[in-house]
Every structure is written in structure tokens, then in C-alpha cells.
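Me: Could you take one part of this model and go through it slowly, with the cut-offs behind each term spelled out? I would like a connected account rather than a list.

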Amino acid sequence: MSLVPGVTTSVFAYNDHIPGPTLVVNEGDHVIVHFTNDLPEPTTVHWHGIHLPFESDGSPFHPIAPGQKRDYVFTVPAGSAGTYWYHPHPDRRTGFAIGKGLFGGIIVRGPNDPLRDLPEQLLVLSDNRFLSDGAVDFPDAQSAPGSVDEENGREGPVLFVNGQVNPTIAIRSGEVQRWRIVNASAGRIYRLALAGQSFLLVGTGGGLIEKPVEMKEIVLATGERVEILVRGTGAPGSRTLLLNLPYDRYAPQTRPRDWQTTRDLLTLQTTTDPPMQPVTVPARLRQITPLDTSKVTAVRTVVFGQGMINGKLMDMGRVDISTHVGATEIWEIENVVGMDHPFHLHGFQFQVLDRDGVREPFLAWKDMLNIPKHSSARIIVRYDEYPGKWMFHCHILDHEDHGMMGVLEVKP
Ligand code: C2O
Ligand code: CU
Ligand code: CU
């Protein structure tokens with residue numbers, strides 16, 4: 001495949017595309033995905049953020065050997081309309097497999113979408129690093145660059161939006177577009193801004209929030225998704241940029257030298273058509289019921305340390321947290337080290353209660369939460385419906401692959 005000019009790159013790909021085909025489904029759909037592993041190594045397909053049976057989660061518990069097939073079967077839950085993504089999740093090899101090109105977007109549509117009439121874009125962000133012959137650069141783990149990748153999470157200088165470098169999106173003056181943005185990067189946390197204009201945050205990983213929130217920039221952790229509304233505020237023929245602003249997630253020893261560089265992600269080109277009648281954005285998008293803190297039966301503590309969770313490395317034979325279907329719990333997640341670690345829980349969406357003791361400003365469903373260096377957060381989660389063994393982990397893939405992951409067992 002040609003990813004950088006002048007050379008070809010040997011990749012892994014879903015149906016020969018990077019990103020893989022976008023899966024568009026409706027709430028209530030019964031989904032069956034027939035998957036064949038034509039790779040030379042074991043893999044899985046994990047449906048990141050989707051509430052589904054354990055056997056279909058595509059976690060490291062259910063590897064698919066080379067040449068083997070598997071059907072992933074699930075029913076898309078009511079109320080789950082939103083933006084998700086899929087990627088491999090093999091034991092210790094997730095960063096390699098995603099870096100080779102395996103990731104794709106999922107859009108779940110709901111019956112009462114107040115934004116259904118807006119034109120829509122799915123933007124899957126990724127970054128990569130290549131050798132001069134075009135090969136994806138995975139340095140030897142023992143080498144100096146290899147150990148920097150292991151510490152930071154592998155980043156690359158080439159930023160892709162839907163597999164393209166700095167693509168152009170056309171917008172008409174006065175138009176409002178809905179952008180669903182997925183961070184499929186291994187380690188890069190984006191700080192997104194539109195040069196010269198604000199946008200409206202309308203959704204997080206688990207779908208719409210209650211009301212639009214005006215923002216100038218937003219931090220998007222690895223694995224995280226947001227939905228924003230972008231307004232064509234420019235004059236006909238003008239252009240602006242979607243930027244990645246500097247974001248210091250790093251430990252000082254391995255912080256990249258160019259971390260303060262602002263990078264262009266895409267060009268927003270206002271067409272020469274005359275401005276259209278202004279579109280009104282609904283003031284209310286959805287109602288979210290807060291999870292009931294009076295029902296909480298346990299408070300869990302998760303401490304992110306240097307490459308470990310609660311002082312332990314991942315062990316698939318161990319259960320780190322044991323609970324049962326229907327329980328509501330609070331997790332206190334604390335990052336005691338000098339770099340950010342984005343927290344992810346499989347199978348169940350959660351709500352954030354507070355961050356560093358500061359109450360979360362609005363209700364939202366999430367499956368990703370960045371825990372910045374030396375900070376903490378409290379989330380609340382209810383384990384609805386599906387028993388099983390569910391992973392929770394840092395979504396910096398090098399950290400996950402090196403054991404920054406635990407097992408939550410939900411008993412029937
Ligand atoms: Cu997107 Cu366990 O991962
Ligand atoms: Cu996941
Ligand atoms: Cu981490």
C-alpha cells in the first residue's frame with residue numbers, strides 16, 4: 001500500500017483498506033461479523049466501547065489463530081447511538097497490529113437523533129513513523145528508540161486523517177457539519193482546535209451529551225471519540241485548519257524535542273457558494289440519567305504507576321476485581337507518575353463524577369478517560385447484563401502491551 005510518497009509499505013488491513021470499512025449500524029440491530037484471520041499471527045477484533053457479550057468482545061481471552069475464522073455476534077443496545085471503533089487486541093501485540101494498519105470506525109445510529117439532518121464526517125486520526133524504504137518503523141525493543149517508544153507510547157511524524165495527510169473538507173458558508181472524531185493513535189493525545197473559530201461539543205464516546213458546549217479546543221485521548229459541530233463561519237472561498245496543538249503528556253526525560261510544534265490535520269475549505277440560511281442547533285440533545293451513587297456497593301481503587309496497575313503487571317490468569325452483574329461501583333483512578341495514562345474499561349460505559357475533586361461539569365457516557373500526570377478521577381459504572389472477564393487498561397498501546405492492564409470479572 002502507498003502511505004507515504006514514493007515508497008510502498010507492507011501493512012495489515014481490514015478488507016484491504018486503512019482505515020478498515022466503517023461499520024454503520026442501528027440501535028437494536030443484531031450484528032454478525034464474519035471474520036477471517038489471514039495474518040501470519042493471532043489476532044482478535046475488539047469493538048471498542050460497545051456493550052456486548054464477553055465472547056464477542058475480541059479481548060485477549062479469545063485469540064483467533066492464523067487461518068481461523070470467527071463470527072462476532074451482538075445486539076446493538078438501545079440508547080447507545082454514538083461513535084465507536086474496532087481494532088485488534090491480541091495479547092502483547094496490539095500496538096504492533098494497530099501500527100500496521102488495523103483500525104476502523106463504527107457509527108451507531110439511534111431513532112431520535114436531533115442532529116440527523118446535519119451533514120456528517122467521520123474523522124479517524126492516526127499517526128505513524130516509517131523507515132526510508134517505506135516500512136512501518138518498529139524499532140527493536142532493546143534499542144534506544146525502542147525504549148523511548150515503550151516509555152512514551154509510539155508516535156510518528158506523519159499524521160493521518162482517514163489514512164490521508166492533510167485532506168480537505170468542504171463546507172458552505174453558514175452550514176453546520178457534525179464531525180465524529182476517533183483517536184486511533186497508539187500514544188498520541190490530540191489537542192484539537194480550529195484556527196480562528198470555536199466549535200460545539202455535542203457528544204463523547206457513548207453518544208450525545210445533554211446540551212451543546214461551546215469550546216475553543218478539546219483534548220482527545222487515545223481510543224477516545226468526540227462529536228463536534230463545526231460551523232461554516234468563513235467567507236465563501238476562505239479556508240481554515242484543524243490543528244493539533246501541543247499537549248504535554250510526557251515525562252520530561254522522554255518528551256519529544258518537537259513536542260511544542262503545532263501540526264495541521266486537515267483543511268476546512270469554505271466553498272464559493274453564497275452563504276446558506278443559518279442552521280439552528282437544538283438546545284437540548286438528549287437526556288442522560290445519572291447513575292445512582294446511593295446504590296454503590298463497592299469503591300475500587302486503581303493506581304496507575306510506572307507501567308503497572310496497583311503495582312502489578314497484567315496476568316490473564318488472575319482476576320483483579322471481582323463483582324457481579326447489576327452492581328453499581330465507583331472507581332477511584334489515580335495516576336501517581338509524571339506522565340498521562342488514558343484509562344479504558346471494556347464492556348460498560350461509565351460516567352465521570354469528578355476529577356481531582358472537581359465535580360464534572362456535565363453528564364456524559366464514556367469508556368475512555370485520560371488521567372493526567374499526578375492527578376486522579378472518580379467514575380461510576382453499572383455492570384449491566386453481561387457477565388465475563390473484562391479488561392481495564394491504559395490505552396497507550398505500548399503500556400497496555402507491556403502489562404498495564406487488569407481483569408474485571410463480572411459474575412452472573
Ligand atoms: Cu480500544 Cu482494550 O481497547
Ligand atoms: Cu475497549
Ligand atoms: Cu499508560
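Reply: What follows looks at the copper sites, and then turns to the pockets for context.

The model is predicted, so that local features need pLDDT of at least 70 and side-chain atom pairs count only at pLDDT 80 or more, while totals for chains, interfaces and linings use all residues. Residues are numbered from 1 along each chain as its sequence is written, chains are lettered from A and ligands numbered from 1 in the order in which they are written, and side-chain values use heavy atoms, with hydrogens and water left out.

The copper ion that is ligand 3 has as its protein donors H341 through ND1, C394 through SG and H399 through ND1, at 1.9 to 2.1 Å; a donor here is an N, O or S atom within 2.8 Å of the metal (3.2 Å for Na, K and Ca), and as water is not among the atoms, sites may look incomplete. Along the chain these donors follow the spacing H-x52-C-x4-H. Both C394 and H399 are buried, a term that stands for under 20% relative accessible area, with exposed meaning over 50% and partly exposed in between (1.4 Å probe, protein chains only).

The copper ion that is ligand 2 is coordinated at 1.9 Å by NE2 of H46 and NE2 of H344. This pair joins distant parts of the chain, for H46 lies in strand 3 (residues 46-48) and H344 in strand 21 (residues 341-345), 298 residues apart; strands are DSSP runs of E, at least two residues long, numbered from the N terminus. H46 counts as buried because its relative accessibility is 1%, and H344 counts as buried because its value is 0%.

As for open space, the largest pocket has a volume of about 810 Å³, and of the 39 residues that line this pocket, the closest to its centre are A78, G79, S80, R286 and W365. A pocket is an open set of points, on a 1 Å grid over the protein atoms alone, where a 1.4 Å probe fits and protein lies on both sides within 12 Å along at least five of seven lines, and lining residues have an atom within 4 Å of a point. Points are joined across faces, edges and corners, and the volume is the space filled by probe spheres set on them. Strand 5 (82-87), strand 10 (176-183) and strand 13 (207-215) each supply at least two residues of the lining of the largest pocket.

Notes:
Helix = DSSP H or I, 4+ residues; strand = E, 2+ residues; numbered from the N terminus.
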